[in-house]
Structures are given as C-alpha cells and as structure tokens.
Amino acid sequence: QVQLVESGGGLVQAGGSLRLSCAASGRTANTYALGWFRQAPGKEREFVAVINWNGGVTSHADSVKGRFTISRTNAESTVFLQMNSLKPEDTAVYYCAAYYTGWSNTRPLCGLSTCYDHWGQGTQVTVSS
C-alpha cells in the first residue's frame with residue numbers, strides 16, 4: 001500500500017511557473033511508478049506525465065512536452081512536476097497517482113488512469129490570463 005499527498009498548487013499568471021510535489025509513503029513506495037493527471041471543470045481526467053520506479057524513464061503528454069518535467073527522489077519517494085510557461089488551459093485539479101511495477105523496466109509506462117490504483121486528494125492549479 002502507498003499513500004499519496006500532493007502540495008504546491010496555487011494561482012499563477014500565464015507564462016509563470018509552479019512546482020507540484022507528491023509524497024508517497026509506505027514501505028514499498030519505491031516499487032511504484034508515479035504519475036500526474038489533471039481534471040478541468042466539465043472535462044475528463046487526463047494524463048500529464050509518469051515516471052518509473054527509479055526515475056530513469058519518463059513519459060509526458062504531448063500537450064505539456066517541453067513545458068512540464070516530471071522527476072522523483074527515490075530516497076523519499078517524492079515525485080515532482082515542474083510546470084513552466086503555464087497557460088490558462090493548464091488550469092485544473094492535479095492528481096498524483098501510483099501503480100505497482102516492482103523493480104522492473106520491461107513494461108512501457110502507462111498513461112491510462114485505469115492502470116493506477118492509488119490516488120492523492122488533488123491540488124488546484126489556476127492560471128490566469
């Protein structure tokens with residue numbers, strides 16, 4: 001089991017930056033892939049980025065490539081989402097999520113919400129124009 005707690009959301013002007021953090025607690029937290037999803041009002045939850053168990057492999061949605069970067073510190077099993085050049089359309093509740101992979105890199109990282117069985121409570125990001 002792993003518990004996820006996000007922080008770092010807030011209000012920022014377009015073009016600005018924010019850094020989200022998610023602390024993953026639990027004895028086996030470093031055997032989970034960690035991802036970020038977001039959900040805007042009236043829209044479905046969408047994939048943002050994911051990182052594998054040791055931080056060596058990442059994947060980002062096309063809509064955020066070149067602007068957002070996912071990273072993690074394995075010692076604390078904390079995952080970060082550095083968001084630069086923010087746009088009003090990035091406004092959403094951002095969720096941290098996790099799924100078990102073990103210490104394996106043989107399977108491609110998953111961008112589907114159905115792969116993830118642990119979710120944080122979400123943090124609001126609002127980008128003003």
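**Entry 1. Pockets**

I began with the open spaces of the model, and I found about 220 Å³ of space in the largest pocket. I note at the outset that this is a predicted model. I listed the lining of the largest pocket and counted 13 residues. Y99, T101, R107, P108 and L109 lie nearest the centre of that pocket. I sorted this lining by class and obtained 7 nonpolar, 5 polar and 1 charged residues.

I then turned to the second largest pocket, for which I recorded a volume of about 150 Å³. Of the 13 residues that line the second largest pocket, R38, K43, E46, E89 and D90 are the closest to its centre. In this second lining I noted 2 nonpolar, 3 polar and 8 charged residues.

**Entry 2. Disulfides**

I asked how many disulfides the model contains, and the count came to 2. In sequence order of the bonded cysteines, I wrote the pairing as 1-2, 3-4.

I looked up the bond between C22 and C96, where the S to S distance is 2.1 Å. The torsion about this S-S bond is about -80 degrees, so I entered the disulfide of C22 and C96 as left-handed. I placed C22 in strand 3 and C96 in strand 9, so the pair ties together parts that are 74 residues apart in sequence. I found both C22 and C96 buried.

I went on to the bond between C110 and C115, with an S to S distance of 2.0 Å. Here the torsion about the S-S bond is about 70 degrees, so I entered the disulfide of C110 and C115 as right-handed. I checked the exposure of each partner: C110 counts as buried because its relative accessibility of 11% is under 20%. C115, at 31% relative accessibility, counts as partly exposed.

**Entry 3. The nonpolar core**

I recalled that in soluble globular proteins nonpolar side chains tend to be buried together. I then examined the largest nonpolar core of this model and recorded 37 residues in it. W36, L81, M83 and Y94 have the most contacts inside this core. I listed the elements that give two or more residues to the core; among them are strand 3 (18-25), strand 4 (32-39), strand 5 (46-51) and strand 8 (78-83). Strand 7 (68-73), strand 9 (92-100) and strand 11 (123-128) are also on that list. Which strand gives the largest share of this core? I found that strand 9 does, with 6 residues.

I took L81 as one residue to follow up. Leaving aside neighbours within four places in sequence, I found L81 in contact with L18, R19, L20, W36, V48, A49, F68, T69, I70 and Y94.

I did likewise for M83, which I located in strand 8. M83 has 0% relative accessibility and therefore counts as buried. Not counting residues up to four places away in sequence, M83 touches G16, S17, L18, L20, R67, F68, Y94 and V125. I also noted a separation of 21 Å between the C-alpha atoms of M83 and L112, which are 29 residues apart along the chain.

**Entry 4. Loop residues**

I looked at three residues in loops. I placed S77 in the loop between strand 7 and strand 8. Is S77 buried or exposed? I entered S77 as buried, since its relative accessible area of 6% is under 20%. S77 touches C22, A23, A24, A29, N30, L34 and R72, residues up to four places away in sequence not being counted. I note that C22, in this list, is the cysteine that I found joined to C96.

I placed S85 in the loop between strand 8 and strand 9. S85 is not a glycine, yet I recorded a positive phi of about 50 degrees for it. At 42% relative accessibility, S85 counts as partly exposed.

I placed N54 in the loop between strand 5 and strand 6 (58-60). N54 has a relative accessible area of 37% and is therefore partly exposed. I entered N74 and N105 as the residues that N54 touches, not counting residues up to four places away in sequence. From N54 to T31 I noted 8.2 Å in space, C-alpha to C-alpha, for two residues that are 23 residues apart in sequence.

Technical notes. Residues are numbered from 1 along each chain as its sequence is written. This is a predicted model: local features need pLDDT of at least 70, side-chain atom pairs count only at pLDDT 80 or more; totals for chains, interfaces and linings use all residues. Side-chain values use heavy atoms; hydrogens and water are left out. A nonpolar core is a set of buried Ala, Val, Leu, Ile, Met, Phe, Trp, Tyr and Cys residues joined through side-chain atoms within 4.5 Å. Buried means under 20% relative accessible area, exposed over 50%, partly exposed in between (1.4 Å probe, protein chains only). Helices (H or I, at least four residues) and strands (E, at least two) are DSSP runs, numbered from the N terminus. Contact means heavy atoms within 4.5 Å. On a 1 Å grid over the protein atoms alone, a cavity is a set of points where a 1.4 Å probe fits but cannot get out, and a pocket is an open set with protein on both sides within 12 Å along at least five of seven lines; lining residues have an atom within 4 Å of a point. Grid points are joined across faces, edges and corners, and a volume is the space filled by probe spheres set on the points. Ala, Val, Leu, Ile, Met, Phe, Trp, Tyr, Cys and Pro count as nonpolar, Asp, Glu, Lys and Arg as charged, and the others, Gly among them, as polar. A disulfide is a pair of cysteine sulfur atoms within 2.5 Å.
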